[in-house]
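I set aside this session to look up a few items in one model. My entries follow in the order I made them.

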Amino acid sequence: MDNINFLKQTVDKLKNNNTVPFTVSDVNLVNQSRYELNNSKSKWVCVGLSVYRQFTPMVRISGSKTAGVSFDKSEWKLFTDNQNLITNYFCSTEGKLLPIKVGFKTITSEVINNTKVIKIVDNGECDIYMAFGSLQRLWLLANLITYRLEMLTTLEFDNFYNKIINASAEMTGDYIENIMSIITPLQDLHDQNTAVLMEVVLFVKDKLMWDAEIIKSLN
């Protein structure tokens, strides 16, 4: 079987089994930190590595009633660069906030039950509403979030992950057992990349199997 047909069949199989989400809104995060944005804990922001976006460092603003929206490093900078403009909308008695484009996201303003809010729409699929209180809390966390994004970038976990996956794909037997046989000795080094990979093994095994199958087919 040629590689293209193999990959197509693998994708179809995973979709049918609902094992790997293939939607823009999917942003499962590992090595994440979570910070509440209001007292009711109905909104929060997370910073971590996106499992299905090649472990890109991401910021995710979510709520109890919505999956929320995500920002990569450059989008987060664009968002925070507009902090004054967005804040002025809440403090002003004038009209609506003009739409702001942040990558594939659009930020607009609305009034709900006499309360000003901003609405962030991600690629037309996901959205989240934020009132002034939640936004103030987010601005207070902005420097910390930016710093954590930088720290996650320096990990270069994607390179570490690819090396482990390539090594496991060359071995016979069960992929997960092969990966564990590789990373178990590394635990003595107290390395953060090893800890992140252990999270992946525990919570997103299908991602590992998917990537290992691709590597094996290409080899």
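Which residues is Thr194 in contact with, leaving aside its neighbours within four places in sequence? I looked this up first, keeping in mind that the model is predicted. I found Phe160, Ile183, Leu186 and Gln187 in contact with Thr194. I placed Thr194 in helix α7, which spans residues 192-203. I then asked whether Thr194 is buried or exposed. Its relative accessibility is 3%, and the cut-off for buried is under 20%, so I entered Thr194 as buried.

Next entry: cysteines. I looked for disulfides and the count was 0. For reference, I noted that a disulfide is a covalent bond between the sulfur atoms of two cysteines. I checked two cysteines for accessibility. Cys91 has 58% relative accessibility and therefore counts as exposed, whereas Cys126, with 10%, counts as buried.

Next entry: the sheet. In what order do the strands of the open sheet run? I read the order as β1-β2-β3-β4, with 4 strands and antiparallel pairing. I marked β1 (29-36) and β4 (66-72) as the edges; each has a single partner strand, so one side of each has no neighbour in the sheet. From one strand to the next, I have an average twist of 25 degrees.

I took the pair β2 and β3 separately. Strand β2 (residues 43-50) runs antiparallel to strand β3 (residues 56-63), and 8 bridges join the two. As one bridge to look at, I picked Trp44, whose partner in β3 is Ser62. I then turned to the helices on the sheet. Helix α4 (residues 132-155) packs there and touches β1, β2 and β3; the direction of α4 makes about 10 degrees with that of β2. Helix α2 (residues 73-81) lies across β3 and β4 and runs at about 100 degrees to β4.

Last entry: the largest nonpolar core. Which of its residues touch the most other members? I listed Phe79, Ile86, Ile118, Leu138 and Leu197, out of 52 residues in this core. Helix α4 gives the most to the core, with 9 residues. Where does this core lie with respect to domain 1 and domain 2? I put it between them, because domain 1 (29-154) and domain 2 (157-218) both give residues to it.

I followed Ile86 further. Not counting residues up to four places away in sequence, Ile86 touches Phe79, Leu97, Ile100, Ile107, Ile118, Leu135 and Trp139. Among these, Phe79 and Ile118 are also on my list of core residues that touch the most other members.

Technical notes: Residues are numbered from 1 along each chain as its sequence is written. This is a predicted model: local features need pLDDT of at least 70, side-chain atom pairs count only at pLDDT 80 or more; totals for chains, interfaces and linings use all residues. Side-chain values use heavy atoms; hydrogens and water are left out. Buried means under 20% relative accessible area, exposed over 50%, partly exposed in between (1.4 Å probe, protein chains only). Contact means heavy atoms within 4.5 Å. A disulfide is a pair of cysteine sulfur atoms within 2.5 Å. Two strands pair if DSSP finds at least two bridges between them. Axes are lines fitted to C-alpha atoms, for helices over the stretch in contact, and angles run from 0 to 180 degrees between N-to-C directions. A nonpolar core is a set of buried Ala, Val, Leu, Ile, Met, Phe, Trp, Tyr and Cys residues joined through side-chain atoms within 4.5 Å. Domain bounds come from an automatic or database domain assignment.
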